[in-house]
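Work through the exercises below with the structure open beside you. Try each task before reading its solution.

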Amino acid sequence: MRTTDLLIVGAGPFGLALAAEAGHQGVPHHVVGRPMSFWQQQMPAGMLLRSASDWHLDVQAVATIEAFLASRGLTPAQAEPLTRELYLDYCSWFAAEKGITAEPQHVQRLDDADGSFRATLEDHSVVSARAVVLALGMGPHRRAPAELVALLPPGSWRHTCDAVDFAGARDRRYLLVGGRQSAFEWAALLAEAGARQVDVVHRHDSPAFAAADWTWVSPIVDRLATDPGWFSRLSSAEQEGFRVRLWAEGRLKVEPWLADRLPPAIVRVRPRTSLAAARLEDDGSVSVDLDDGDRVVVDEVLLATGYLPHVDDLQLLRAGTLPPLAHHDGIPDLDDGFQTSVPGLYLTSLPAAGHFGPFFGFTIGTRMSAAVITRAVLDRLAGTPAVPSPRLEPTDSQAASDS
Ligand SMILES: Cc1cc2nc3c(=O)[nH]c(=O)nc-3n(C[C@H](O)[C@H](O)[C@H](O)COP(=O)(O)OP(=O)(O)OC[C@H]3O[C@@H](n4cnc5c(N)ncnc54)[C@H](O)[C@@H]3O)c2cc1C
């Protein structure tokens with residue numbers, strides 16, 4: 001069994017930012033997770049980011065996206081909107097600059113063991129840690145509404161995060177359910193991949209093609225870094241005000257660079273429309289009746305129905321022996337240091353949005369999360385006894401580079 005002070009589970013933007021800051025502050029740590037696997041495997045090639053170069057990962061403000069771009073002879077103005085591929089390159093560069101090497105495995109279960117944690121990895125090896133941070137991102141929280149799933153023939157649909165390879169899209173017909181950025185981005189990419197027909201169906205009005213204004217978000221998240229309890233102390237009405245404002249930027253607008261990429265001959269946008277019935281035809285196509293009386297026949301339905309955090313989605317906790325996390329409507333109760341109701345267990349990224357604000361659905365939260373969690377873990381380690389078992393072997397490349 002290997003041991004470490006801090007186990008970071010997940011090597012996406014939140015996990016990488018935390019590993020860098022923990023290393024900077026001298027916290028021995030170990031990262032388990034396939035680096036940036038959600039961005040690599042569950043977002044499509046050619047996707048453009050909504051966020052710009054200022055949403056970097058480095059609390060120390062050295063390994064920034066701007067510094068990365070400069071190393072390639074690029075300015076933000078030349079590089080934006082950032083491609084997914086460029087952002088992935090930035091994250092690889094960031095990990096190299098910070099000496100972060102993640103152990104590319106999945107944590108299958110997390111147990112308690114005499115005041116410490118035992119993480120069992122997919123190869124059945126065990127890592128023992130005094131503190132654990134779960135930075136698992138959005139993937140576990142994908143949502144396919146039950147009423148849609150009940151209506152659609154089995155095998156006829158996928159969530160957009162499972163439909164990111166458009167190599168086979170030529171001449172196919174798609175129904176995209178959803179009306180936010182992902183629905184329109186997938187529609188554009190499908191049309192560009194040669195899809196014959198893409199119907200985009202949503203219950204609400206279509207969003208506007210307009211640049212989102214995120215400029216007000218950074219000062220708020222910077223403020224949270226020095227006063228992490230700020231958002232949670234606001235009244236419900238004030239919190240809702242921020243949620244509505246972020247919603248208006250992120251959900252009521254889609255990026256203007258999509259507008260020209262939706263050829264009307266292929267992409268039909270159907271606002272204020274719902275699915276009424278669906279059936280599988282003999283030729284394998286799916287006939288979908290819409291509540292406006294129209295019918296579309298497609299080869300596949302894609303659900304751009306997003307993500308919603310719930311503690312029950314955290315499979316590694318369900319498989320283990322830790323007590324259930326305290327929560328409200330599935331949103332975990334956290335303290336101002338991202339600690340859950342289980343002492344020493346921290347949770348960041350999307351599930352932290354309940355306590356710290358809706359900004360945690362985006363990478364803007366990475367630096368604040370890294371700085372605050374590192375401080376909290378340092379405090380905890382200073383007050384708790386070390387795990388009485390052998391430490392990670394110094395020759396272990398993971399341990400050497402992560403710490
Ligand atoms: C289509 C789309 C577009 C987006 N565009 C933007 C954008 O432009 N700008 C922006 O700021 N945000 C954007 N987001 C949001 C962004 O994806 C998240 O804010 C960000 O990825 C969260 O980072 P993370 O590290 O928490 O999670 P992730 O990037 O999801 O990384 C979590 C990692 O944890 C791993 N993991 C999960 N469970 C385990 C386990 N048990 N053991 C080990 N590893 C595990 C996963 O495999 C994954 O690699 C977008 C999201 C989507 C879906």
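**Exercise 1: An unusual residue in a loop**

Ala 61 sits in the loop between H2 and helix H3 (65-71), in a model that is predicted. Find the sign of phi at Ala 61, and decide whether Ala 61 is buried or exposed.

Solution. The first step is the backbone angle: phi of Ala 61 is near 55 degrees, which is a positive value in a residue other than glycine. The second step is the count of neighbours, where a residue is called exposed if 12 or fewer other C-beta atoms lie within 10 Å of its own. Ala 61 has 10 C-beta neighbours inside 10 Å, and therefore counts as exposed.

**Exercise 2: A second positive phi**

Carry out the analysis for Asp 329, stating where Asp 329 is found and whether Asp 329 is buried or exposed.

Solution. Begin with the location, which is the loop between strand S16 (327-328) and strand S17 (331-332). Asp 329 is not a glycine, yet its phi is positive, at about 50 degrees. Finally, Asp 329 is exposed because 7 other C-beta atoms lie within 10 Å.

**Exercise 3: Helix H1 and the ligand**

Determine how many residues of H1 are buried, and which elements give two or more residues to the shell around the ligand.

Solution. Start with the dimensions of the helix: H1 has twelve residues and reaches 17 Å from its first C-alpha to its last, close to the 16 Å expected at 1.5 Å a residue. Next comes its covering, for ten of the twelve residues of H1 are buried, among them Pro 13, Phe 14 and Glu 21. After H1 comes Gly 26, with a positive phi near 75 degrees.

Now turn to the ligand, which has 31 residues around it, with Gly 10, Gly 12, Phe 38, Gly 137 and Ser 349 coming nearest. The elements giving two or more residues to this shell are helix H1 (13-24) and helix H2 (37-41). By character, the shell divides into 16 nonpolar, 13 polar and two charged residues.

**Exercise 4: A sheet of three strands**

Establish the strand order of the open sheet that contains S12, S13 and S14, and name its edge strands.

Solution. The order is S12-S13-S14, and the pairing is antiparallel. Strand S12 (275-280) and strand S14 (295-298) each pair on one side only, and are the edge strands. From one strand to the next, the twist averages 20 degrees. Looking closer, five bridges join S12 to strand S13 (residues 286-290), and Arg 279 stands opposite Ser 287 in S13.

Methods
Residues are numbered from 1 along each chain as its sequence is written. This is a predicted model: local features need pLDDT of at least 70, side-chain atom pairs count only at pLDDT 80 or more; totals for chains, interfaces and linings use all residues. A residue is near a molecule or strand if its C-beta atom, placed from the backbone, lies within 6 Å of it. Helices (H or I, at least four residues) and strands (E, at least two) are DSSP runs, numbered from the N terminus. Ala, Val, Leu, Ile, Met, Phe, Trp, Tyr, Cys and Pro count as nonpolar, Asp, Glu, Lys and Arg as charged, and the others, Gly among them, as polar. Two strands pair if DSSP finds at least two bridges between them. Axes are lines fitted to C-alpha atoms, for helices over the stretch in contact, and angles run from 0 to 180 degrees between N-to-C directions. The expected span of a helix is 1.5 Å times one less than its number of residues. A residue is buried if 20 or more other C-beta atoms lie within 10 Å of its own, exposed if 12 or fewer, and partly exposed in between; C-beta atoms are placed from the backbone.
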